[in-house]
Amino acid sequence: MHGLDALLLSHNRLSELPEALGALPALTFLSVTHNCLQTLPTALGALSTLQRLDLSENLLDTLPPEVGDLSSLCELSVASNQLQSLPASLARHSRPLRGLLLTLSQHLPAVGLRSLRLLVLHSNLLTSVPAGLAHLPLLTRLDLRDNQLRDVPPELLSAPFVRLQGNPLGEASPEPPSSPGTLLVLEMPRLFLTSDVDSFPVTPQGCSVTLACGVRLQFPAGATTIPITIGYQLWLPEPGLVPLGPHDSLLSGVLELRPHGVAFQQDVGLWLLFVPPRARRCREVVIRTRTDNNWSDLDTHLEEEAPKRLWAHCQVPHFSWFLVVSRPVSNTCLVPPEGTLLCSSGHPGVKVTFPPGATEEPRQVSMQVVRMASRELRALLGEPETAVSPLLCLSQSGPPSFLRPVTVQLPLPPGVTGLSVDRSRLHLLYLAPPAATWDDITAQVVLELTHLYARFQVTHFSWYWLWYTTKTCVGGLARKAWERLRLHRVNLIALQRRRDPEQVLLQCLPRNKVDATLRRLLERYRGPEPSDTVGMFEGEQFFAAFERGIDVDADRPDCVEGRICFVFYSHLKNVKEVYVTTTLDREAQAVRGQVSFYRGTVPMEVPEEAEAARRRKDADALWMATLPIKLPRLRGSEGQGWGASLSLAPLNLGDAETGFLTQSNLLSVAGRLGPDWPAVALHLGMPYRELQRIRHEFRDDLDGQIRHMLFSWAERQAGQPGAVGLLVQALEQSDRQDVAEEVRAVLELGRRKYQDGIRRTGLASEDPALPGSLPSESPEPGQA
């Protein structure tokens with residue numbers, strides 16, 4: 001099998017490998033994980049083309065010295081074995097002396113695994129490692145975690161790419177080092193922060209930090225020369241903060257690490273936890289960072305913790321904003337004046353050739369390839385004979401045009417060959433942003449066809465697409481297909497709590513997640529009421545508006561002109577919980593209304609009947625769906641609603657310094673506490689016997705328990721300073737950081753409104769820098 005390039009033998013019961021393995025001259029990838037190997041054949045060193053070797057989860061106690069002969073090896077994993085030592089050949093000095101007059105100090109060592117970039121040795125029994133590993137020229141990551149290392153060469157200790165956690169470093173001898181240059185290793189401090197902590201100290205000794213929001217940080221020793229306090233915050237993504245490409249998906253919130261721009265002496269390790277996307281073929285996950293209002297990509301590695309939990313890992317030289325994005329695989333290269341070749345790793349048939357003289361100065365070029373299933377395309381367009389090539393995006397830095405034409409190669413559409421193609425049906429389309437239309441440039445270029453590929457020349461970059469169809473004008477079809485690639489099939493949901501119909505849950509989620517979500521919510525909410533499938537773009541902003549007698553609290557931070565604002569991200573939670581009221585008399589009759597979802601502004605005319613939501617609408621339509629809302633008739637003291645259990649007296653909770661909360665704000669807080677309410681009550685200072693009394697009085701009514709606890713506490717705190725701060729602190733101490741952040745947002749909105757009102761009346765100081773620019777009187781209740 002002289003042409004074999006990949007051999008996968010994982011998850012078997014192999015106890016040995018044959019010597020004949022070394023007779024595979026084209027082998028580049030060998031995986032023998034999860035077997036019973038105790039030794040390796042010496043012929044392994046003959047695999048001169050091998051680039052990736054994975055021997056993890058075996059019983060190896062030694063590696064043969066011939067492993068050092070794998071000169072093309074880029075990745076080597078021997079994790080979870082029984083290795084006690086490593087052969088010196090991994091980093092042996094093999095460059096010969098050139099003459100007798102060349103002294104030893106002039107002899108520059110050459111390494112064995114000169115192409116090695118990744119070396120994974122964690123979970124073994126290693127007590128030492130060769131010092132020459134630090135001199136491997138291309139090594140970017142060395143994982144030595146969970147071994148028995150007591151003595152590590154100083155060159156490796158100072159290297160930023162080495163991971164040493166879980167080793168008994170420095171315990172080999174109780175005596176201190178005999179000289180200042182001798183290795184002295186101190187145990188790196190480990191911090192595990194709860195959700196109520198938003199900062200932590202870092203000393204020159206370094207530390208490992210785990211945040212409650214699913215973030216890990218590792219500061220190596222010497223990363224900072226002086227003690228420094230690091231602050232962090234997790235922001236909700238917004239369209240203005242998160243720039244996404246046409247086919248990108250957001251996988252995390254926005255993490256801010258402070259202070260911004262302070263450079264570290266050594267790169268800091270950053271791990272962000274995310275749920276992997278469902279479709280991962282020809283897509284990559286990258287961590288992006290923001291510097292000077294520009295987002296850029298970081299070199300990202302993925303580490304799997306569980307089948308549905310992945311860590312995205314990178315090294316950062318300074319702090320800013322960070323997020324995790326899934327996108328089509330991006331291939332980049334630096335184009336020199338001598339020219340070069342750029343190939344797609346996701347689709348080998350896509351290539352770009354830069355001739356000599358195409359540029360005077362080196363420039364960075366990027367390529368993305370997006371696939372589309374032919375079956376979905378035909379179903380979408382109603383065109384059974386349509387076929388398309390992969391969609392190609394080319395971008396560059398520097399001048400917009402090249403000095404000489406650049407040759408682009410695209411695979412012909414499926415089912416089409418260069419020998420039988422009807423050229424009248426072949427169209428080369430071009431899209432130049434920000435235009436939303438595709439132009440047919442077939443007549444403007446010379447298409448050179450081979451049996452499998454089409455080649456053409458361009459002088460500047462954008463999106464390119466090859467279509468084969470019976471249609472003479474394909475621009476409209478391409479635009480429809482382009483939008484289908486970017487659209488997500490989603491459902492809009494409106495559910496009402498069973499025990500409190502005034503609390504309405506609004507959610508937008510991908511269609512494949514609807515059934516599981518409804519099953520999980522059915523015990524607490526009345527419904528289900530999902531809409532028909534509608535289309536939504538990643539990062540798109542849309543609104544929910546209540547109509548026909550239903551009203552919503554307009555003081556919410558996410559409320560714009562009486563509408564609840566959403567931003568859709570396919571892999572994040574797009575959910576709101578709101579309290580609705582009615583302008584009609586509910587003691588006389590039940591009130592029927594509706595919630596409608598819109599893009600952009602709410603039109604003047606809205607659907608009269610809720611059943612109209614069952615009709616499919618075009619993706620560009622302002623109105624997307626309408627779902628019914630019914631508030632039952634109030635029956636005074638005999639009702640089961642909120643009015644029957646506790647009167648809603650006007651509240652003035654808070655003070656001018658920290659802000660005010662209204663009755664509606666507290667209702668929103670109560671609706672989100674759930675089973676965590678006893679912890680919040682205890683942190684508010686409520687005695688345990690009162691909790692027992694509330695539980696007995698409102699048994700079998702969780703919502704009633706929460707509201708009674710919160711409003712009885714609020715009535716006692718009315719008019720007292722610091723009450724709102726006490727509530728926020730109690731929420732954080734109860735690990736309800738999400739609710740605490742919402743309360744802070746409400747307070748900030750109230751303060752802004754209050755200050756604007758003061759300025760309009762002319763009571764504020766003209767100099768905003770002067771303290772006391774606001775009067776000392778408290779605002780009226782309801783400012784927030």
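In this predicted model, five tryptophans, W438, W463, W465, W467 and W482, come together as one aromatic cluster. One pair worth a look here is W438 with W482, which sit edge-to-face, with 5.6 Å from centre to centre and 70 degrees between the ring planes. W438 belongs to the loop between β28 (426–431) and β29 (439–440), while W482 is part of helix α3, so this pair ties together parts that are 44 residues apart in sequence. Both rings belong to residues that are tucked away: W438 is buried, at a relative accessible area of 5%, and W482 counts as buried too, at 10%.

Stepping back to the aromatic pairs in general, the count comes to 14. Another of them joins F402 and F461, and this one is tilted, with 5.0 Å between the centres and 55 degrees between the planes. F402 comes from strand β27 (residues 401–411) and F461 from the loop between β31 (453–460) and β32, so the contact ties together parts that lie 59 residues apart in sequence. As for exposure, F402 is buried, with 6% relative accessible area, and F461 also falls in the buried class, at 12%.

Next comes helix α2, which spans residues 374–381 and has S374, L377 and L381 as its buried residues. Those three cover an arc of only 60 degrees around the helix axis, which puts them on the same side of α2. R375 and A379, on the other side of the helix, are exposed. So what do the buried residues of α2 pack against? Their partners are β25 (387–388), β32 (463–468) and α3 (475–486). Two of these elements have already turned up above: α3 carries W482, and β32 is one end of the loop that holds F461. Just after α2, the backbone does something a bit different from a plain helix exit: G382 takes a positive phi of about 65 degrees.

Finally, a couple of arginines pair up with aromatic rings. The charged end of R486 sits over the ring of F537, 4.9 Å from the ring centre. R486 falls within the range given for α3 (475–486), the helix against which the buried residues of α2 pack. Elsewhere in the chain, R290 lies over the face of W321, at 5.4 Å from the centre of that ring.

How values were computed:
Residues are numbered from 1 along each chain as its sequence is written. This is a predicted model: local features need pLDDT of at least 70, side-chain atom pairs count only at pLDDT 80 or more; totals for chains, interfaces and linings use all residues. Side-chain values use heavy atoms; hydrogens and water are left out. Buried means under 20% relative accessible area, exposed over 50%, partly exposed in between (1.4 Å probe, protein chains only). Helices (H or I, at least four residues) and strands (E, at least two) are DSSP runs, numbered from the N terminus. The arc is that of the directions from the helix axis to the C-beta atoms. Contact means heavy atoms within 4.5 Å. Rings of Phe, Tyr and Trp (its six-membered ring) pair if their centres lie within 6.5 Å; planes under 30 degrees apart count as stacked, over 60 as edge-to-face and the rest as tilted. A charge sits over a ring if NZ of Lys or CZ of Arg is within 6 Å of the ring centre and within 35 degrees of the ring normal.
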